[in-house]
Structure formats: C-alpha cells, structure tokens
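Visitor: I have a model to look over. Please take me through it briskly.

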Amino acid sequence: MKRLADLKFSLPLLGGLLFVAMVLALGAGPVTIPPGEVLAIFKAGLGWGEMPLNNHFVIVWDLRLPRVLLAVLVGASLALSGTVMQGFFQNPMADPYIIGVSSGAALGATIAMYSGIEFWLWGISAVSVFAFIGALIVTFLVYTISMRGGNLPITMVLLTGIAIGALAAALTSFLLITSERDLYRILYWLMGSLASRRWDHVQTILPYAVIGLIVLQFFARDLNLILQGEENAQYLGVDVERVKRTLLVLAALLAAAAVAVSGIIGFVGLVVPHVMRLLVGPDHRKLFPTSVLGGAILLVGADVLARTLIAPTEIPIGIITSVLGCPFFLYLLSRKSTSL
Amino acid sequence: MRTMSGIAWFFFLEISMCANIAAAGGLRATDDLGKVLEFDQPPQRLVSLAPSNTELLFALGLGDRLVGVTNACNFPLKAKEVEVVAGYSTLNLEKIVEVAPDLVVAIRGNDLEGIKGLEHLGIKVFSLDIQTVDQMLLAILRLGILTGSEQTAEKLRGDLQGRINEVRERILSLAARPKIMWGGWSETVYTAGKGTMIDDLFRLAGGVNVGRAAMGAWPQVGLETIVAWEPEVIVTTYLPDAEGQTPEQVIASEVARLKQTDGWRVLPAVQQERIYFVEGDWLLRPGPRLVNALERIASLLHPDALGN
C-alpha cells in the first residue's frame with residue numbers, strides 16, 4: 001500500500017490496469033466476437049488489413065470502441081470533478097453533482113423529452129443538448145447567487161446548490177407526473193447509460209474533458225495550499241478567489257459534459273476520490289491524476305458488466321457502479337482506524 | 001408460464017361465467033383480481049379508469065352510461081364530453097364518489113390503494129388485466145355479461161375475431177416471418193420484450209419480435225444488440241414534433257439521417273427504409289383498436305399479401 005503513494009509507481013500501475021480493462025471491454029459484449037477477430041478488425045480499422053464483410057466490424061469499430069473511450073472520458077471527468085468538489089467544499093459527502101449539475105441536467109433533459117423537442121446537433125440528440133444547457137444554467141445560478149462581494153464563500157455555494165437543486169428536482173418531478181409521453185425513455189435516461197452511444201458522443205465530450213482534465217492538474221498545488229488556510233495561501237502568492245472560481249467552473253463543466261452524453265451516473269464521483277485518498281494520501285497533486293485513471297477504470301469495467309450481465313438487456317450503469325463500488329469502498333474504510 | 005396459465009384460466013372462466021348466467025339469471029363476472037361482482041339490474045352509471053376501458057365500453061354501446069373517465073380518454077370523441085375523474089396514474093376519490101357510479105372499471109396500473117379506497121366506500125370495482133389480444137376479446141365478453149349487454153358483446157367479439165382470422169388466414173400461407181422491432185432511435189433505446197401486448201401483436205401479424213430475446217417487458221438495449229438482431233422492420237409510436245409535417249415526412253427525414261449514422265446505417269430496416277409510424281393509441285392501449293394496429297402491422301410486414 002505504501003508504494004502506491006509514489007506516483008512513479010501508482011501511475012503506471014493504474015495506467016496498465018486501464019489499458020487491460022479497455023482491451024477486455026473491446027472484446028466483451030452481447031455479440032460474441034473471438035479475440036483474434038477483434039485484433040483483425042483493429043488492423044483493418046487502422047488501414048493495415050482487409051475489411052471483414054460482416055457486421056462485426058461495425059460492432060467493434062463503430063460501436064464498442066467509441067463506447068469504451070466514452071467510458072474512459074466520462075469516468076475520468078466524474079472522478080476528477082468529484083475530487084475537486086470534495087477538496088473545494090472540504091466535505092467528504094461532496095460529489096460532482098453537489099452544485100446542481102445533475103438536477104439541472106435532469107430538468108433540461110426532461111423538458112426536451114416532455115415537450116417532444118427533437119433535433120440533432122453534431123449527431124447528439126436534443127436531450128443531450130438540453131441536459132448540458134440545464135446543468136450549466138443551474139450551476140451558473142448557484143454561482144452568481146452565492147457570490148458575496150467578489151468572493152465565493154463555501155457554505156453559501158453548498159447551501160445555494162442544495163436549494164436550487166431541490167427546486168430543479170421538484171420541477172422535473174412535476175413534468176414526469178404530468179407527462180403522457182415516453183416515461184420509460186426519461187427514466188432510463190435519468191438512470192444513466194452508455195448504451196447506443198457513438199463517435200458523435202465522444203467528439204462532443206472530448207474538448208471539455210481534455211481541457212478540464214489537463215488544466216485542473218495545474219491547480220492541485222494551489223488547492224493544497226488553500227486547504228491549509230486561505231489567508232496563508234494568499235501570503236504564498238495564490239490568487240485564492242480566482243483559483244476557487246476556476247476550480248468550480250472547470251469541475252462543473254466536466255460533470256455537465258459527462259452527464260450530457262451519459263445521463264446521471266452516480267457513485268463514481270463520490271467514491272473514486274475517497275478510494276484514491278485512501279490509496280495515495282490527501283495530496284491533490286497525487287489525487288488528481290490517480291482519480292482520473294481510477295474513474296476511467298471503474299466506468300470501463302462497470303460498462304462491460306452493464307452490457308453483458310443480462311445481455312441483450314442493458315443494465316443502467318449507475319446500478320453497477322454502486323454495486324461494485326460499495327463493497328470495495330466499505331472494505332477500504334474498514335482498514336482505516338480513524339476518520340477520513 | 002404465467003401467460004399460459006392465464007389463458008387457460010380465462011377459458012375456464014368464460015365457461016363458468018356462462019354457466020353462472022344460465023343458472024342464476026343475474027349479471028355476474030369475476031375480475032382479474034379474483035373478485036366476483038354481481039348485479040341484479042344492469043349497472044347504469046359507469047366510470048372508466050383507463051382510455052382502453054373507455055374505448056371498450058363505447059364499443060359495447062355503453063358510452064352514454066359513462067359518468068366518469070380519465071383525462072387521457074380521447075377516443076371516441078364523445079368520451080371527451082364525460083366528466084374527468086382520474087388522471088394519468090392517479091384517481092380522484094372525491095370526484096368518483098360525487099358521480100355516484102354503480103360500477104367502476106379499472107385496469108392493471110391503476111393505483112391499488114385508490115381501488116381499495118373505492119371498495120371501502122362500497123363502490124363496485126371491476127379490474128381488468130389485459131396482456132394479449134385474446135384476453136382483450138374475453139374482456140369484451142366479461143364486461144358485456146356484467147353490464148347486461150351480452151349480445152352486443154358477442155357480436156363485437158365476433159367481428160373483431162373475424163378481422164383477426166382474416167389476417168391469420170392471409171399470412172398462414174406465407175413462409176416469411178420478418179424480424180420486427182418496436183422502439184425509437186434516440187440515445188436511450190428500449191424495446192418491447194416478452195409478455196407485452198406488442199409482442200403478441202407482432203406474432204399475430206406474422207412477424208418475429210426481436211425484443212423477445214431480452215429480459216424484461218421494456219428492456220433497454222444497446223446499438224450493438226440491435227445491429228446483431230438485424231431487424232427488417234422498425235415500428236415506432238413516438239415521433240418528434242414537427243409542425244406541418246405528416247408522420248411519413250418526419251420518418252423520411254429521420255431515415256435519411258439514420259442512413260448516415262454509425263451502427264444504424266447497417267440495419268436492414270434502415271437500408272430498405274422500412275421504418276413506420278403506428279398510432280400509439282392503437283398499439284399501446286389494450287382496447288378494441290388493437291385490431292386496427294394488427295391489420296396495419298401485418299400490412300407493413302407483408303405488403304405483397306396484405307398491403308393496400
């Protein structure tokens with residue numbers, strides 16, 4: 001366990017695990033395709049071999065590969081967003097959805113489905129677009145309402161987030177009970193899934209994920225200092241309010257983009273940061289990169305189970321992340337003698 | 001298994017009901033919760049707690065006895081003139097008591113607590129649980145017996161059965177059983193599995209419901225699975241709202257887009273442009289218009305033998 005705290009050891013280890021998980025995920029699905037054929041399809045996809053004539057190429061290259069990459073991006077985004085939120089709020093119960101991203105996204109998506117709005121933007125449905133916009137609007141509201149004279153008091157953000165989140169959830173419930181439309185579609189969306197996602201969805205989330213995942217890494221040291229005391233950090237040359245704003249905006253953006261393409265997937269953003277904290281310690285310079293990899297591994301693994309356990313029926317992935325994550329998390333907690 | 005024993009039970013019920021009528025001379029039937037209801041005189045004030053029940057009662061010629069319906073009861077048009085006493089999944093006990101019904105016709109999916117509440121107030125509730133076309137035909141007969149309109153019920157059932165037999169005879173000689181899927185093509189795709197009315201209708205219409213392979217009545221499925229299923233026909237009951245466009249025009253533009261979409265474009269149904277809209281009110285309501293849905297789907301599956 002001790003060695004894990006060393007990034008030179010833990011990063012290659014987690015990276016290796018992620019690679020193995022991705023390879024396994026490409027080979028697994030409701031349609032059985034032997035590993036040799038998957039490899040041949042890959043060669044063909046990269047232009048090194050002959051294209052097979054059956055639908056297996058479509059399944060592996062057009063459907064499974066983007067789905068696995070999407071699991072990596074969504075898992076990494078949610079986990080890093082959760083790590084930032086827990087650090088920012090100094091609260092072990094914080095997760096990416098704490099400032100209303102999920103309730104805003106749910107409201108946006110429900111409005112789109114309720115009113116029958118359908119359009120396609122870069123291959124993404126109106127539901128996704130509305131979810132993204134809903135998440136951003138709610139986050140923006142929380143942000144501006146809790147602003148006090150240019151500062152962002154943490155308790156204010158937390159409570160405003162809870163209040164506006166409850167309002168958005170109430171509106172969503174009202175739409176659900178009055179809707180005569182496709183209730184199952186809304187319910188399945190709210191439970192989160194990567195089923196039927198395509199390259200279009202990877203392209204949509206990619207810019208937000210890449211920017212968020214990379215830029216946030218540079219703020220790990222500042223977050224460490226802020227957690228030791230905002231005044232102290234100010235003396236050490238950290239522009240505290242600017243850093244806090246940046247952290248909040250990027251973390252919210254990561255979560256919003258993830259939710260837009262995958263629906264609301266719980267537990268990843270709550271548990272992965274804790275697991276990583278137990279493994280590598282509280283230093284955010286270690287937590288940030290390891291959370292990215294940990295979240296990706298969890299979601300790639302969970303998605304394999306989601307599409308194979310009772311195939312061809314898909315299980316909403318949030319069910320899997322919770323069932324998988326809970327015992328592992330409890331086990332790690334039991335090894336800890338004191339508090340987090 | 002459940003369906004099989006259900007059907008057997010229904011046949012038994014039908015025979016025993018007829019026997020009862022002959023013996024007692026009363027109006028007597030057992031509902032799908034196992035309750036026996038009996039009337040000395042035909043009930044004159046009826047409440048329907050589902051659009052399908054409203055359609056069944058109107059088809060039995062009992063429309064003018066209806067004193068309460070749900071806010072979703074939109075067919076036939078006269079149903080809209082009846083007082084609304086229930087919502088999408090809730091019933092308004094006060095309103096129902098106010099219209100003083102002799103008989104409330106409920107359906108599986110209604111709030112059971114609400115039904116218990118009605119019975120507690122001494123109101124007779126007849127609950128239907130219709131999962132197949134045959135069960136719908138039997139429901140017509142049972143409702144007819146209970147309301148003292150057995151002859152109308154027999155005739156209605158005969159007419160509907162005749163139309164079903166017509167479809168059956170035409171597809172009997174055909175070898176093809178095209179693979180058909182119900183559902184949409186948004187990110188969240190779910191379909192109709194075993195035990196749904198849609199599954200029963202697809203079979204009667206001479207198709208194979210690909211959704212049968214999945215677990216659950218309304219299973220969510222991934223695109224990989226749909227590609228492997230290779231559906232030849234896709235039927236949807238939900239369409240995006242588009243002003244001034246017919247369902248056919250909306251479908252045409254959706255098909256054009258699906259032809260450019262990863263995964264979807266390899267499906268036979270997309271390549272052959274065999275994606276169709278069928279009225280949700282026909283297909284999803286366990287009422288007499290199921291037979292309209294059956295005829296329409298059969299003609300979509302077998303355009304040469306049944307097409308218009």
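Visitor: How many bridges join strand E1 of chain B to E2(B)?

Guide: This is a predicted model, where local features need pLDDT of at least 70, side-chain atom pairs count only at pLDDT 80 or more, and totals for chains, interfaces and linings use all residues. Residues are numbered from 1 along each chain as its sequence is written, chains are lettered from A and ligands numbered from 1 in the order written, and side-chain values use heavy atoms, without hydrogens or water. E1(B) covers residues 27-30 and runs antiparallel to E2(B); strands are DSSP runs of at least two residues, numbered from the N terminus, and they pair on at least two bridges found by DSSP. The number of bridges here is four.

Visitor: Which residue in the turn of this hairpin has a positive phi?

Guide: Five residues lie between E1(B) and E2(B). The one with a phi of about 90° is B:Gly34.

Visitor: Which residue of E2(B) is the bridge partner of B:Ala29, and is its side chain buried or not?

Guide: Side chains alternate along E2(B), residues 36-39. B:Val36 and B:Glu38 point to one face and are not buried (buried means under 20% relative accessible area, 1.4 Å probe, protein chains only; exposed is over 50%, partly exposed in between). B:Phe39 points to the other face and is buried, as is the partner of B:Ala29. That partner is B:Leu37, buried.

Visitor: What ipTM does the predictor give the complex?

Guide: The pTM is 0.84. The ipTM is 0.80.
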